[in-house]
Amino acid sequence: MQIFNDEKKRIGTLMGVRNREITKTLDSGDKEITFEYPVRGEMADYLKEEYYIRTKDDEFVIKATETSGEYNKYTAVLNVEELEGQSFPYGFISHEQTIRACLEFAFEGTGWKVGNCTVTKKRTINKEESATAWDILQDCLKTYRCECSIDSINKQVNIYEQIGQDRGCYFVEGLNLRELTAQSDTYEFYTRIVPLGKDGITIEWLHGKEYLENYQYSKKIKTYTWKDERYTNTTSLMEDAAEKLEELSKPYKVYSADVADLAEANPEYKNILDYGIGDTVRMVSRSAGIREKQRIVKIVEYPESPEKNTVELSNTTKTFAEVQKTETELAKTEAIYIANSTTKKILTDYSTTQEIETKITASKEAIELSVSEKYQTIDAMGDYSTTSEMNAAIKLNADAIALEVSKKVGADEIISKINQSAESIDIEAGKINLNGIVTANQNFRILEDGSMQAKNGKFEGTITGSVIQTSETGKRAVIDTSSALKGYDGGQIYNILDMASEGNEIQMTMDAKNQLTIRTPKLAVINQSYGTESGQAKVTKTGDIRYVSGVTKNYNGCSEMWVNNVYCTLPVFLNVQYTSFSAMLGMLLTGETTTTNRV
């Protein structure tokens, strides 16, 4: 074992210890180590309270020293100081979150992290009183009904549905089981459970009945009403009630076994008699008439004398048995009749830590109410959400004044309401003025100039404005009051689709970088045309159009004569000059490129 001082500076290696004992518990993931060391030993002066002991697996903090004869006895606990030092003096709320999200929120700033995590269900953690991050971890293990392993050296907590496995290990009387003590009781025995969540929600609409039943041990009907106001999700309420009843509907059993760790003492037994915390082990005791499997919930190891090891086995963990009791502290009344209300660390879907501070001062002459809110951004908490409620009520009979304050902070609403007696003063949420920049869920913002920013939007009705554009700069499409859709690149216009150009008739113009312009029905102009990636556009010529541009007379071979009193030159020959041009009446998609003359 290594010794470190209270500043985490290594002092040296501790040699010559005796009676080293390591206790591991399943319900909390905690560990404790005790050992003895000579009073006059070389390192005795460095074994002080709040100094650190490090083994190959864990780091401990010395908490107690006991002097007895020539040896001192030292007790050290698992080093989770950063978690114990992370305090939430006014409470902690995580509403319908995964355990990973909840713990990452609680561990923020401690240097600890959540490693492996196989638990994906969502539950609510609501600590009304002051708590630490360590308290939050223990509450999570009970609420999510899961188990953890703690790596105190790398400061990591791994979360599992269940630790350990069934490796075929057995404790047999006469082999490795020296003594077995069994205890069972049905003090907390029920076959029917009526679960109630927040605001009295039940499972009836989901299950068809307001209760669940489990008669695995007895056909007796013993009803247990379980109320936990953390549950706002009916499915979660029913799932946890079913698992709770699974434990309640059979006798609670616990076994204390004095076991010789033959796997540690002799490598030959490593594969068949090795065990660890959480493992399922078969116990066989003829004298006690016991032959069954149970899980290891506690281990006391003696590294230097593994034959002295002891284990405790049970059909449930101790902490889960505690969870089976009604958590009355979660059913506290919502009305708070004190001057200073709670300020909690709340995990919300707005990626914030929300602090609510309420102060109410009441006297015969006046009532003063002040509410302040403070938000502090938490990074990487965007997918989290919570709902918290705070209600306050004051009645001053002397002047017959009733003041009620109700505040609900949730994933989609903020409601405020103040009522005052018969003449009444009502303040509704619609009367509240919001000044400055207003942000909702980091996706919608109202800026100080009255403009808004949003990631997505869906509108019903008519949207009216002066300019609509896909971007403020660069390549963009712009619709303005001229009824034209224009394509820009920077400050230069390239493409125009004119929906209603001026003139006697409605016209449309398309301009693709001066290559193609069509104006109908009055004019069609084609200058150059280039195709798309599927092919190029070829202008097809369908023929020539000719018109008379001039007429001249040809007098060759003519004679002058009188015709009915008219002197004429006959016969008359006329030369007619025609001008022709090619007509282009259609376009085909081809692999060619054609350049045409302007029409």
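**Exercise 1. Placing helix H2 on the sheet**

Task: In this predicted model, find which strands H2 lies across, and describe the sheet to which they belong.

Solution.
Step 1. H2 lies across S10 and S14, and its direction makes an angle of about 165° with S10.
Step 2. S10 and S14 are part of an open sheet of three strands, ordered S10-S14-S13, with mixed pairing.
Step 3. The edge strands are S10 (113-117) and S13 (147-151), each of which pairs on one side only.
Step 4. From one strand to the next, the twist averages 25°.

**Exercise 2. The pairing of S13 and S14**

Task: State how many bridges join S13 to S14 and in which sense the two strands run. Then follow glutamine 156.

Solution.
Step 1. In general, strands of a sheet pair through backbone hydrogen bonds, in a parallel or an antiparallel manner.
Step 2. S13 and S14 (residues 156-160) run antiparallel and are joined by five bridges.
Step 3. Glutamine 156 lies in S14, and glutamine 156 is the bridge partner of aspartate 151.
Step 4. Setting aside neighbours within four places in sequence, glutamine 156 is in contact with Trp112, Lys113, Gly115, Ser149, Ile150 and Asp151.
Step 5. The relative accessible area of glutamine 156 is 19%. Buried means under 20%, so glutamine 156 counts as buried.

**Exercise 3. Packing of H2 against H3**

Task: Classify the relative direction of helices H2 and H3, and list the residues that meet.

Solution.
Step 1. The axes of H2 (residues 99-107) and H3 (residues 133-143) come within 9 Å and cross at roughly 170°.
Step 2. Angles over 145 degrees count as roughly antiparallel, so H2 is roughly antiparallel to H3.
Step 3. From H2, the residues Ile99, Cys102, Leu103, Ala106 and Phe107 meet Ala133, Ile136, Leu137 and Cys140 from H3.
Step 4. Sorted by class, this contact has nine nonpolar residues, no polar residues and no charged residues.
Step 5. As background, an α-helix has 3.6 residues a turn, so residues three or four places apart point the same way.

**Exercise 4. Burial of H2 and the nonpolar core**

Task: Decide whether H2 is mostly covered or mostly open, and identify the core residues that touch the most other members.

Solution.
Step 1. Seven of the nine residues of H2 are buried, and the helix is mostly covered.
Step 2. The buried residues are Ile99, Ala101, Cys102, Leu103, Phe105, Ala106 and Phe107.
Step 3. The largest nonpolar core has 45 residues, and those that touch the most other members are Leu14, Leu47, Ile99, Leu103, Phe107, Ile136 and Ile159.
Step 4. Elements that each supply at least two residues of this core include H2, H3, S10, S13 and S14.
Step 5. Phenylalanine 107, leaving out residues up to four places away in sequence, touches Leu83, Gln86, Trp112, Lys113, Val114, Ala133 and Val157.
Step 6. Another core, of 15 residues, lies apart from the largest one; among its members are Leu177, Val259, Tyr275 and Met283.
Step 7. After H2 comes glycine 109, with a positive phi near 85°.

**Exercise 5. Lysine 63**

Task: Classify the exposure of lysine 63 and describe its surroundings.

Solution.
Step 1. Lysine 63 is located in strand S6.
Step 2. Its relative accessibility is 42%, so lysine 63 counts as partly exposed.
Step 3. Residues up to four places away in sequence not being counted, lysine 63 touches Glu49, Glu50, Thr75, Ala76 and Val77.
Step 4. Lysine 63 and glutamate 50 are 13 residues apart along the chain, and their C-alpha atoms are separated by 6.2 Å.

Conventions
Residues numbered from 1 in each chain as written. Predicted model: local features only at pLDDT ≥ 70, side-chain atom pairs only at ≥ 80, totals over all residues. Heavy atoms only, no water. Axes fitted to C-alpha atoms, helices over the stretch in contact; angles between N-to-C directions. Helix = DSSP H or I, 4+ residues; strand = E, 2+ residues; numbered from the N terminus. Parallel < 35°, antiparallel > 145°, perpendicular 65-115°, else oblique. Contact = heavy atoms within 4.5 Å. Nonpolar A, V, L, I, M, F, W, Y, C, P; charged D, E, K, R; others polar. Pairing = 2+ DSSP bridges. Core = buried A, V, L, I, M, F, W, Y, C linked by side-chain atoms within 4.5 Å. Buried < 20%, exposed > 50% of the residue type's maximum accessible area, 1.4 Å probe, protein only.
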